[in-house]
Amino acid sequence: IWHHYMYTGERSFLTDTFDNVQRVIETSKQYLDADSQLANVPLWVFIDWANIDRDGRNAAFNAIFIGTLEASARIAGELGRKDRADEYTALAGKMRANFIKCYFDQKKGVFVDANKDGKLSKMISEHSNVAAIHFGLSDEKMTAGIIQRLYEKKTVPYVEATPFFTAVVLRALDDAGRCDLAVKIIKDRWGKRMVDNGATSLYEEWGENGSWRSGHYEGFIRTHSHAWSSAPGEFLIKNLAGIKILESGCRKVQVQPRKVGLDYDVAYPTPLGLIEVTCRKGKISIKADKRIEVVE
């Protein structure tokens, strides 16, 4: 909702949806434990189809809820609801204060999936680690270590995200200043696993004829055209161009193009016109509609 508002400038959208925002938060709050973590949430805690540990407290779920609270605080502030903005900011702060203690395995140097009855899960996934990075719950040293262990030296085995949650993987790596690794993942996963196998659209999961989602491989046909697998479509425009909207309606936009060892031409559409970025052998040029204030 916040991203939609920042892009479009439609303040009425915030007004129309704020009751639902509050309802989501109030429903979730009842499952907060003594450490201000969502714990033992009933029914289906959906993070991704991948096989991750959801018992007790789930790291990715809590990271996402912290991000939800902070976005909701911004919405409340924009609507003049200081009471809600202060409440959500304070709760997010309490959750942040205990996040590392609850989920970070000091010996392995990564976040584990869950914490049940004070014991760290043995399961490790991309989900928990990239969610922590993306929502600012991992400090710079931790983040560098996680990236090294999961993506560079690959010393820690982990459950890989499906195309759906790899959208967060890409954003987290870019957040950490490693857009180069995000582009490599796109080439490796969407390129080698889809395009090189003849794909002309986007597979639901990385394989066509089965899935590891239950913890072991089960053979069943996956769809060949799946909207949730389309993360590179946005990433290779918005994130290569380094777009960050600073004022609603794209009136003011930060543009910090990434240098990732490839040439590109990007056209990012806004309600006020195009922002165009060209990278040629590391040299960057930026053009934008005069109605947009561009900050580099």
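Helices here are DSSP runs of H or I with at least four residues, numbered from the N terminus. On that basis, Ser-128 of this predicted model sits in helix α5, which spans residues 126-134. With a relative accessible area of 1%, Ser-128 counts as buried, because the cut-off for that label is under 20%. Leaving out residues up to four places away in sequence, Ser-128 touches Ala-59, Ala-60, Phe-111, Val-112 and Asp-113. Val-112 also turns up in a polar pairing: its backbone oxygen lies 3.5 Å from a polar atom of the Ser-128 side chain.

The rest of α5 is worth a look too. Eight of its nine residues are buried, so the helix is largely enclosed by the rest of the structure. The buried set runs through Glu-126, His-127, Ser-128, Asn-129, Val-130, Ala-131, Ala-132 and Ile-133. As for what does the covering, the list includes helices α3, α4 (82-103), α6 (140-152), α7 and α8 (179-193), along with strand β3 (110-111). At the start of α5, a side-chain oxygen of Ser-125 comes to within 3.3 Å of the backbone nitrogen of His-127. After the helix comes Gly-136, with a positive phi near 70 degrees.

Now for the nonpolar packing. The largest nonpolar core has 82 residues, and those touching the most other members are Leu-69, Phe-99, Phe-111, Tyr-151, Leu-170, Leu-173 and Ile-275. Helix α3 (residues 59-78) gives the most to this core, putting in ten residues. Phe-111, one of these well-connected members, is also among the residues that Ser-128 touches. Tyr-151 offers another link to α5: setting aside neighbours within four places in sequence, its contacts are Glu-126, Val-130, Ile-146, Tyr-158, Val-169, Leu-173, Leu-181, Ile-185 and Arg-189. Two of the names in that list, Glu-126 and Val-130, are buried residues of α5.

On to the open spaces. The largest pocket holds about 1900 Å³ of space. It is lined by 48 residues, and the closest to its centre are His-3, Arg-74, His-134, Phe-135 and Arg-171. Elements giving two or more residues to this lining are α1 (2-8), α2 (11-29), α3, α7 (163-175), α9 (231-239) and β6 (243-247). Helix α3 supplies the largest share, with ten residues. So far as residue class goes, the lining of the largest pocket has 25 nonpolar, 13 polar and ten charged residues.

The second largest pocket comes in at about 320 Å³ of space. Of its 15 lining residues, Glu-160, Glu-205, Ser-211, Trp-212 and Arg-213 are the closest to the centre. Its lining divides into six nonpolar, six polar and three charged residues.

Closed space is the last item. Counting cavities of 30 Å³ or more gives one. The largest cavity has a volume of about 50 Å³. Its walls are made by Leu-38, Ala-39, Asn-40, Val-41, Val-45, Arg-54, Gly-56, Asn-58, Phe-61 and Asn-62. By class, that lining splits into five nonpolar, four polar and one charged.

Terms used. Residues are numbered from 1 along each chain as its sequence is written. This is a predicted model: local features need pLDDT of at least 70, side-chain atom pairs count only at pLDDT 80 or more; totals for chains, interfaces and linings use all residues. Side-chain values use heavy atoms; hydrogens and water are left out. Buried means under 20% relative accessible area, exposed over 50%, partly exposed in between (1.4 Å probe, protein chains only). A polar contact is a pair of N or O atoms within 3.5 Å; within protein, one must be able to donate a hydrogen and the other to accept it, and residues adjacent in sequence count only if both atoms are side-chain atoms. Contact means heavy atoms within 4.5 Å. A nonpolar core is a set of buried Ala, Val, Leu, Ile, Met, Phe, Trp, Tyr and Cys residues joined through side-chain atoms within 4.5 Å. On a 1 Å grid over the protein atoms alone, a cavity is a set of points where a 1.4 Å probe fits but cannot get out, and a pocket is an open set with protein on both sides within 12 Å along at least five of seven lines; lining residues have an atom within 4 Å of a point. Grid points are joined across faces, edges and corners, and a volume is the space filled by probe spheres set on the points. Ala, Val, Leu, Ile, Met, Phe, Trp, Tyr, Cys and Pro count as nonpolar, Asp, Glu, Lys and Arg as charged, and the others, Gly among them, as polar.
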